[in-house]
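Colleague: Got a minute to go through this model with me? I'd like to know what stands behind the labels.

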Amino acid sequence: MSIIPKPVGLFFHKMASPPHFYRFTGRLIPWLSWIFLILVVVGLYGGLVLAPADYQQGDSFRIIYIHVPSAWMSLFVYVVMAVAGGIGLVWRIKLAEIVAISSASVGAAFTFIALVTGSLWGKPMWGTWWVWDARLTSELILLFLYLGVIGLYGAIDDKRTASRAVAILALVGVVNIPIIHYSVEWWNTLHQGPTVSKMDKPSIHISMLWPMLVMAVAFKLYYVIAMLQRARTELVIRERNSQWVKTLLESI
Amino acid sequence: MKPARKQRLYLIGLIVIGVGLAATFALQAFNDNLMYFFSTTDVVAGKAPKDRLFRLGGMVVDGSVKRPGDGILVQFKLTDYEKDVTVEYSGILPDLFREGQGIVAKGKLNNKGVFVAEEVLAKHDENYMPPEVADSLKPKS
């Protein structure tokens, strides 16, 4: 582990301790919430007011300021969940297990939002609510994977066993992530190809692009905030018999 | 790293690689079924099914949209910049339907080689820009 600088290693080591994690995130969340709020206001104002209408789609294109960041997050959160689950499996770190399961419902919400906003936009633009092309279908499978993770976790009483089962399911589902990402390049789809991640330069005008990037950062912060809140609750429930939780409860 | 942990790490690696390989083979095998539409070249080459519905995708050829008669019947050519296919459709076209725009149509070939569409969907591309920028990009005529 010599490649990781010592202060960073020490930070993660400390964070793996439940009481320290609880105290640290309790101080962190208000700060993150303020930054999130500012970014969301700036991003929405930029996207809905400042950005010009699209030459083809008019004002309807503005749904991308919700749709695209949600879709990105649906993939990102899944990878975080699978990696945290994997760390939990190998090193049996309780906090990694908790981060994994706390990510699941946030990720499921992002996936749902991406599917619904896409569908609402698809009706006027494509002429249909839904098609079974590779992109839409693989994203729907992602939603089912998230729901599977949540359901499996709830079905097993012993939460440490549940976390292991969930981590394996999450790791198996990782195969879907590159499929979703590349679906529009590997196959003919009704969904458009990539706009922003194109290698040369994004095919979106800069005046339309910046609010989307601001929204992407805002959504990422939202994920961190929501995930940490859930993780704190889960932690207190799991550790309810430990001394630090008892002290915590007495101090309220 | 402790041997037990190392073993679990390898096991996880094997699961991910194994599932990845299985998915790759499965997707390769069903590659044609995962295509949402046939290109016009496929259709001209006779790769598209003759007797059942399929989807055809391509760009609407500039200046090819005609409305023979006074009804809602519309006729246009689709292209993938190699081969053209003539399409007939009677119905309401989506907002984004216009010449030079990509569309996906579902229907059948008739015996004259014309694609009779039952449904027409617009396929927008990945370009987003304000109208002024789009105007400035158009070739000056």
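Modeller: Sure, let's start on strand E4 (residues 84-90) of chain B, where the side chains alternate: Val85(B), Val87(B) and Tyr89(B) point to one face and are buried, while Asp84(B), Thr86(B), Glu88(B) and Ser90(B) point to the other and are not. This is a predicted model, in which local features need pLDDT of at least 70 and side-chain atom pairs count only at pLDDT 80 or more, while totals for chains, interfaces and linings use all residues. Residues are numbered from 1 along each chain as its sequence is written, and chains are lettered from A and ligands numbered from 1 in the order in which they are written.

Colleague: What makes Val87(B) buried?

Modeller: Buried means that 20 or more other C-beta atoms lie within 10 Å of a residue's own; 12 or fewer is exposed, in between is partly exposed, and C-beta atoms are placed from the backbone. Val87(B) is buried, so it meets the 20 or more cut-off.

Colleague: Why are E3 and E4 of chain B called paired?

Modeller: Strands pair if DSSP finds at least two bridges between them. Strand E3 (residues 73-79) and E4(B) have seven and run antiparallel, so they pass. Thr79(B) stands opposite Asp84(B) there. In this hairpin, with four residues between the strands, Tyr81(B) takes a positive phi near 70 degrees.

Colleague: And how do you know that E4(B) pairs with E6(B)?

Modeller: By three bridges, in the parallel sense, so the cut-off of at least two is met. Tyr89(B) stands opposite Ala117(B) in E6(B).

Colleague: What makes a set of residues a nonpolar core?

Modeller: The members are buried Ala, Val, Leu, Ile, Met, Phe, Trp, Tyr and Cys residues, joined through C-beta atoms within 7 Å. The largest one has 59 residues, and Ala100(A) is among those with the most contacts inside it. H3(A) gives the most to this core, with 17 residues. A second, separate core of 29 residues includes Trp126(A), Phe38(B), Phe76(B) and Leu78(B).

Colleague: Which residues of chain B and chain A make the contact, and how many?

Modeller: The contact takes 32 residues from chain B and 35 from chain A, where being in contact means C-beta atoms, placed from the backbone, within 7 Å. On the chain B side, the largest share, nine residues, comes from H1(B).

Colleague: How confident is the predictor in chain B?

Modeller: Its mean pLDDT, the predictor's confidence in each residue from 0 to 100, is 85, and 97% of its residues reach 70 or more. The model scores ipTM 0.80 and pTM 0.89.

Definitions and conventions
Contact = placed C-beta atoms within 7 Å. Helix = DSSP H or I, 4+ residues; strand = E, 2+ residues; numbered from the N terminus.
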